[in-house]
Amino acid sequence: MIDFNEILKGPKFPIKNFRLIGKIKKGSFEKITAKSDFTEDKHLDITLKNKKNTNIKVLEVYSDIATPLLSDYNFFKGLYGGTLYYVSEYDDQISSSILTINNFKLNNAPALAKILSLADLKGLFDSLKGEGISFDTLSIKYNSNSTKMDINEIFMIGPSISILIDGYVERK
C-alpha cells in the first residue's frame, strides 16, 4: 500500500490523499487500485487488472481534471478543463487504447486548429476573445507495437468545428 498526503503536479494541480493498493509479481505491477483528490469534488481513479485467462492487462484512468495528466505531452499543449477517461489493453507485444476527453478548450493551440476554428462566427468569436476553442469531445483510438502506432481515429467535435483524422506514426 502507498499513501501520500500530497503530490505536486505543477502549482495548479496538487494531488491530495493519494492511496494505491497493488500487487507486484516478478517486478511488475499485476493489479492496482488507486484513488486521490484534486479538490473536494474533483478526483482521480486508476485501476490495473488482468483480463481473465489471458496475459492481457487492462489499465483504466478516470480524472475529473484532464490537464495534469496531459501537460507533459506536446500534442495536448494548450488544452485546459475537461474530464479524462483512458483505457488500454496491452501485453508484451501490442496495446490497444482509447483516450476520451470531454468538455475542454484549446488555447494557444497549433496554427492549423486556430485557422480551422474560423470556419464560422462562433469560432471567430472564441478565438478573438482569447478564451480558446471549445470542444465537447476528443476521442483518440490507437494501437501500438514496437515499430509503429496506428491511429485508428482522432475525433474532435465542438460548437465551432469537428475534426476526424487517422494515420500512423513510425517509432524510428
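Is Lys148 buried, partly exposed or exposed, and what is the relative accessibility of Lys148? In this predicted model, Lys148 has a relative accessibility of 30% and therefore counts as partly exposed. Lys148 forms a salt bridge with Asp150, and the closest N and O atoms of the two are 3.3 Å apart. Asp150 is also partly exposed, at 26% relative accessibility.

The overall make-up of the chain is described next. The chain contains three helices and ten strands. Read from the N terminus, the order of these elements is β-β-β-β-β-α-β-β-α-α-β-β-β. The chain has 172 residues, of which 33% count as buried. The exposed surface of the chain comes to about 11,100 Å², and carbon and sulfur atoms supply 57% of that area. Contacts were also examined by separation along the sequence. Among contacts between residues at least 6 apart in sequence, 35% join residues at least 24 apart.

Salt bridges were then considered. The whole structure holds five of them, including the pair of Lys148 and Asp150. Another of these pairs is Asp45 with Lys35, where the closest N and O atoms are 3.3 Å apart. Asp45 belongs to strand β4, which covers residues 42–50, and Lys35 belongs to strand β3, so the salt bridge ties together parts of the chain that are ten residues apart in sequence. Asp45 is partly exposed, with a relative accessible area of 26%. Lys35 is partly exposed as well, with a relative accessible area of 49%. For Lys35, this value falls short of the exposed class because that class requires a relative accessible area over 50%.

A further salt bridge joins Lys141 to Glu153, with the closest N and O atoms 3.9 Å apart. Lys141 is in strand β8 and Glu153 is in strand β9, which covers residues 148–157, so this pair ties together parts that are twelve residues apart in sequence. The distance of 3.9 Å qualifies because a salt bridge requires the nitrogen and the oxygen to be within 4 Å. Lys141 counts as partly exposed at 34% relative accessibility, and Glu153 counts as partly exposed at 25%.

Glu153 also appears among the contacts of a buried residue. Ser139 lies in strand β8, which covers residues 133–144. The relative accessible area of Ser139 is 10%, and Ser139 is therefore buried, since the buried class lies under 20%. When residues up to four places away in sequence are left out, Ser139 touches Ile98, Leu99, Thr100, Glu153, Ile154 and Phe155.

A second buried residue is Leu79, with a relative accessible area of 7%. Leu79 is in strand β6, which covers residues 79–90. Leaving out residues up to four places away in sequence, Leu79 touches Ala66, Thr67, Leu70, Ile101, Phe104, Lys105 and Leu106. Leu79 and Asn107 are 28 residues apart in sequence, while their C-alpha atoms are 6.4 Å apart in space.

On the surface, Lys23, Lys25, Lys26 and Lys31 gather in a patch of positive charge. One of these residues, Lys26, lies in the loop between β2 (14–25) and β3 (28–39). Lys26 has a relative accessibility of 83% and counts as exposed, because exposed means over 50%.

Backbone angles were noted for two asparagine residues. Asn17 has a phi near 55°, which is a positive value in a residue other than glycine. Asn17 lies in strand β2 and is partly exposed, with a relative accessible area of 33%. Asn53 likewise has a positive phi, of about 60°, although Asn53 is not a glycine. Asn53 is found in the loop between β4 and β5 (57–63). With a relative accessible area of 82%, Asn53 is exposed.

Notes. Residues numbered from 1 in each chain as written. Predicted model: local features only at pLDDT ≥ 70, side-chain atom pairs only at ≥ 80, totals over all residues. Heavy atoms only, no water. Helix = DSSP H or I, 4+ residues; strand = E, 2+ residues; numbered from the N terminus. Buried < 20%, exposed > 50% of the residue type's maximum accessible area, 1.4 Å probe, protein only. Contact = heavy atoms within 4.5 Å. Patch = residues over 30% accessible without salt bridge, like charges linked within 9 Å, V, L, I, M, F, W, Y side chains within 5 Å. Areas by Shrake-Rupley, 256 points an atom, 1.4 Å probe, with all protein chains shown as cover. Salt bridge = Lys/Arg side-chain N within 4 Å of Asp/Glu carboxyl O. Lys, Arg positive; Asp, Glu negative; His and termini not counted. Charge placed at Lys NZ, Arg CZ, Asp CG, Glu CD.
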